[in-house]
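I opened the notebook to look up packing and strand pairing. Here is what I worked from.

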Amino acid sequence: MKKMHIIAIVVIAVALAVIVSTISNSSTYAPFRDAMNHQGSTFHIVGKVNKSKDFIYNPEVNANLFGFYLIDNEGTEKKVLYDGAKPQDFERAEQIVIIGKMEGDEFHASQVLMKCPSKYNGNQADQMKVASISTK
Amino acid sequence: MEIQYVGEHLSYGKLGNGFIVLSFTAALLSAISFLISVYRKKDDKAVWLKIARMSFAMHAISVFSVIGILFFLIHGHFFEYYYVWQHSSTILPVKYMFACFWEGQEGSFLLWTFWHVILGAIIIRKGSEWESPVMVTVMLIQVFLASMILGLTFYGIKIGSNPFILLRNHPDFANLPFIHLPEYLSKIKDGRGLNPLLQNYWMVIHPPTLFLGFASTAIPFAFAMAGLMVGKVREWVKPALPWAFFSVMILGTGVLMGGAWAYEALSFGGFWAWDPVENASLVPWLTLVGAAHVMLINKKNGSSLVSSFILTTLTFLLVLYSTFLTRSGILGNTSVHAFTDLGMSGQLLLYMVFFVFMAIALLIYNRKKINPLQEEEKIQSREFWMFMGMLVLVISAVQITITTSIPVINKIVGSKMAPPANAIDFYNSWQIPLAVVISLLIAIGQFFKWRDSNMKDVIKKIALSFIISILVTALLEYSFRFERYQYIMLLFSSIWAFVANFDYLIRIIKGKLPFSGASIAHMGIALILLGSLISNTEKTIISRNMLNVDLGKDFSNKENILLYRNDTLAMGEYYVTYKGKEKVGVNIYYEIEYFKANHETGKLDKAFSLKPLVQINDRMGNVSEPATKRFINRDIYTHITYAELEDKNAPVDDGEYKKPSTKTLSVGDTIITSNSLVTFMSLNKSQDKKSLFLEDTDIAVGAQLSVVDVNRKVHLAQPIFIIKGSNIYTKESEITELGLKFGFSKILPDSNKIELTIFEKKSNSREFVIMKAIIFPDINILWIGAILMIIGTWLAIVKRIKDLKISK
């Protein structure tokens, strides 16, 4: 057996290890239902912020605790507690992704990923619609 | 009836569209003519070459004109054009005009096209035997890029997204009623403007560099394809080498600039966050470095030819793939700064598939010529270790690509995988060991001679740097005390990579500049690794919040701290005060002063002051930008995570209390008010009932409260719970100095708890900011590394160009 063959086998083995580790370390996009059935496991949940309910943020008490209500794609609403300061401009967030786990009836998020509709070339026409209505 | 719109300037758009179509057709004509000229002889060849060059010139003029017109429209605020409305506004400073230009996808494709034109012009100017076959591929790429901005619809299939589309024709607007009024334009007062996140000088310099990097990867690929087209399967490597290193330098600079930008202006709180968009530009760089090294091997001894083909092609395809990832919208939820889909993913895929097939077909056609050398590389040869290095780079690229591509995998197999919950740790767990191997190879590689070397000789040469590095590592480990063996390994290997290359530079090259490119570039890489290791693992968040009660392991984040205006808190070795805010234009600057304790005078001396900002933009939302104080050996990063933006300094009626809050407490419990800590000490049952006008049969119980204010002064309060006959009421207790009032409203005998009502005066809520402060030690090592890497690569390019001239 030549050196190059041994090396090739090692490279293939490492590549397989990469694939296996990626799959085994990956999290899952899921609705709250799954997160509730697997308490304590980490999930990514995509949903919309319920803006009719108040945000919970009392920086004077705890600057690193922010709470809000999220409605997932199946329509389930849960209280989410985020371990961090209230993200700048959270009021504008539409669709967001939260990463964390369910603890009882609350979702404990370690990360909140926001995508504002107006940022990064989203659907800007919404604002123009508002503007055009107000000029009438 | 056709509506006559008022105030539109349609001729510019028509002219621009004309040039877009011309740039497309001229590129196609040029590609075909270059191709024909490859296979013709003498006079015939000269004619076709002339046609090809003329059409290239026409293509170049068209591209410049499209760019010029788009600039003109942005500069003149012609908001009837969607692109202008979408990316610029009248209040935007002129210096960001460029940034507006390439903020959108169409503009960035134009930028990319522009660089290919420049690079193509250089190749034509040199006019070597390689001109025609290389330009075939370059112009084919241009055909595809030009099609990205065509914006034509054939049989219902949209090809490209046109930068000159009118606002009133854009799908987002076409259905709005006001857009069909003849004077609609007068209703559009201003454009949407440039995303405030992007309003800084990085947005002016980073995209051109990155796109030049992307564009330059096409040249080694075009050379590889050219070699296959003309059957010179080995000869292409030599002239392509300087281009490969040029690409390594520029793309590397672009990637590092991205990191520097993230570090300086974005709120990641670090240099590299393994964001999909960052990864998408890093991966082609890794394979490109691999490609450049196997090409070097090939130039020296003729081996690694297949690897050279594979890696140059792979690099180019990965650039296309990264474009696909960032522009197809497929990253969607995994990245914060991807473009959204403009419906061009199909086109981008087609583009990739075309070049994959082109490369495979040409390789198969030439398969007999590319028979690998039968001779094995010796383990004592430099090429063997370089080849190993390339393999490690490829593994690194594969790992990053697979993890970044999870959304793509989901799309293909219909799974619902999400990136690892802690993506940064996951990437690091793979990339740190790989970086260790790479830096060990960097350390020893050059001490091997090409083809064969005497092992004893090699060991003798590397022994010195090895011993020095062990000592330096031990010394640094003594101060850092890394516990993870991965960090210790990277500490050692990167130090060794630096010392060994320095040693090689001094003892073997003897400091001769023309030959020192590799050593200097490798020293640079070593410092980049060392700098990121130290600054990342040793960063300390000094804004630790010690006041809050621990809410369990899910809520252990204490990174952000609340700072009242004019209050001073200790952070690390500093004392930090929030002085106030100032509004300049759309930016609100928060003045944060850092003091240091002077042990002689016992006073606080001002050290420096930072002004992190929050930018208010009605259309796009608020963006916070950190400020960083730089020292030689560390940076102090300060970021406003949250601040109330409206002014709170308006006078408030002093007598007014806010809505009271109610708390249930056991003895010993502590609660927090805006200006104090309140502890429920004990119940006091022995009240002087006479002074309360009570009978002996009535009940009066006091709650003894200890109230500690921010100056650590202790106040006492005792609200009293009273049952008189059948009536229950409370005697409140007030601390006027703190604007606090307490009521004792209930006793819960079952749980041994009481209910306390807390009143706070409105004037108590003072203005505050929530901030985060991080010290990044020794990040300058990283920047010095980056500069060395660029200088070293530049020297290598110069050397390769000289080699080319000598061999002629």
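Apart from neighbours within four places in sequence, which residues is F223(B) in contact with? I found W130(B), V134(B), W236(B), P239(B), A240(B) and W243(B); contact requires C-beta atoms, placed from the backbone, within 7 Å.

I noted the ground rules. This is a predicted model, where local features need pLDDT of at least 70, side-chain atom pairs count only at pLDDT 80 or more, and totals for chains, interfaces and linings use all residues. Residues are numbered from 1 along each chain as its sequence is written, and chains are lettered from A and ligands numbered from 1 in the order in which they are written.

Next I looked up the largest nonpolar core (buried Ala, Val, Leu, Ile, Met, Phe, Trp, Tyr and Cys joined through C-beta atoms within 7 Å; buried means 20 or more other C-beta atoms within 10 Å of a residue's own). It holds 236 residues, and I98(A), Y81(B) and F223(B) touch the most other members. Helix 7 (residues 201–230) of chain B gives the largest share, 16 residues; helices are DSSP runs of H or I, at least four residues, and strands are E, at least two, numbered from the N terminus. Domain 1 (1–199) and domain 2 (553–649) of chain B both contribute, so the core lies between them; the bounds come from an automatic or database assignment.

Another core, of 12 residues, lies apart from this one, and F742(B) and I754(B) are among its members.

I then turned to strands. In chain B, strand 22 (residues 740–748) and strand 23 (residues 753–760) run antiparallel, joined by eight bridges; pairing takes at least two by DSSP. F742(B) stands opposite I758(B) in strand 23 of chain B. The open four-stranded sheet has the order 14-23-22-21 (chain B).

Conventions:
Two residues are in contact if their C-beta atoms, placed from the backbone, lie within 7 Å.
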